[in-house]
Amino acid sequence: MTQTIAKEFPTIKYSFCIWHITSKFSGWFIAILRGIKIDTLEELEHQWPHMVAKHDLQNNKHIVGLYEIKYYWVPAYLRNYFF
């Protein structure tokens, strides 16, 4: 569906609501996520690996998946779009 939307509406940016994403996680991870600053792409790329290592989350499939879809939920990637 994402590919079809991109093809039919090339100027549309598809994104995920961070509230819906975090509502699926436990409170401990939400607290960790709020503790890192991800306002810029550089901050995300620098802080995310440190956060993952610090909390031993390298093998957590949900955390790995969340990072893989970062283009759809991290504010720094969505900053230039109107919602």
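In the protein, the mean position of the 9 positive charges and that of the 7 negative charges are 6 Å apart. This value, like those that follow, was computed from a predicted model. The protein contains six helices and zero strands, and its elements, read from the N terminus on, follow the order α-α-α-α-α-α. Along the principal axes of the protein, the C-alpha trace spans about 40 × 25 × 20 Å.

The surface and the interior were considered next. About 6300 Å² of the protein is exposed, and carbon and sulfur atoms supply 58% of that area. Of the 83 residues in the protein, 27% are buried. When contacts with a separation of 6 or more are considered, 56% of them join residues that are 24 or more positions apart.

In soluble globular proteins, nonpolar side chains tend to be buried together. In the present model, the largest nonpolar core has 15 residues, and Phe29, Trp48, Met51 and Trp73 are those with the most contacts inside it. The elements that give two or more residues to this core are α3 (27-35), α4 and α5, and the largest share, four residues, comes from α4.

Methionine 51, which is among the core residues with the most contacts, lies in helix α4. Its relative accessible area is 4%, and because buried means under 20%, methionine 51 counts as buried. Leaving aside the neighbours within four places in sequence, methionine 51 is in contact with Phe29, Ile32, Ile36 and Leu57. The C-alpha atom of methionine 51 is separated by 8.5 Å from that of leucine 33, although the two residues are 18 residues apart along the chain.

A separation of 18 residues also applies to asparagine 59 and leucine 41, but in this pair the C-alpha atoms are 23 Å apart in space. Asparagine 59 lies in the loop between α4 and α5, and with a relative accessible area of 77% it is exposed. Aspartate 56 likewise lies in the loop between α4 and α5, where it is exposed, with a relative accessible area of 62%. The backbone of aspartate 56 has a positive phi of about 55°, although this residue is not a glycine.

With regard to charged side chains, the count comes to one salt bridge. This salt bridge is formed where the side chains of glutamate 45 and lysine 70 meet, at a distance of 2.9 Å from N to O; the pair counts because the distance lies within the cut-off of 4 Å between a side-chain nitrogen of Lys or Arg and a carboxyl oxygen of Asp or Glu. The two partners are 25 residues apart and belong to distant parts of the chain, with glutamate 45 in helix α4 (residues 41-54) and lysine 70 in the loop between α5 (61-68) and α6 (75-78). Glutamate 45 has a relative accessibility of 36% and is therefore partly exposed, whereas lysine 70, with a relative accessible area of 7%, is buried.

Helix α4 thus recurs in several of these results: it gives four residues to the largest nonpolar core, it holds methionine 51, and it carries glutamate 45 of the salt bridge.

How values were computed:
Residues are numbered from 1 along each chain as its sequence is written. This is a predicted model: local features need pLDDT of at least 70, side-chain atom pairs count only at pLDDT 80 or more; totals for chains, interfaces and linings use all residues. Side-chain values use heavy atoms; hydrogens and water are left out. Buried means under 20% relative accessible area, exposed over 50%, partly exposed in between (1.4 Å probe, protein chains only). A nonpolar core is a set of buried Ala, Val, Leu, Ile, Met, Phe, Trp, Tyr and Cys residues joined through side-chain atoms within 4.5 Å. Contact means heavy atoms within 4.5 Å. Accessible areas come from the Shrake-Rupley method with a 1.4 Å probe; for residues, only the protein chains shown count as cover. Lys and Arg count as positive and Asp and Glu as negative; His and the chain ends are not counted. The place of a charge is taken as NZ of Lys, CZ of Arg, CG of Asp or CD of Glu.
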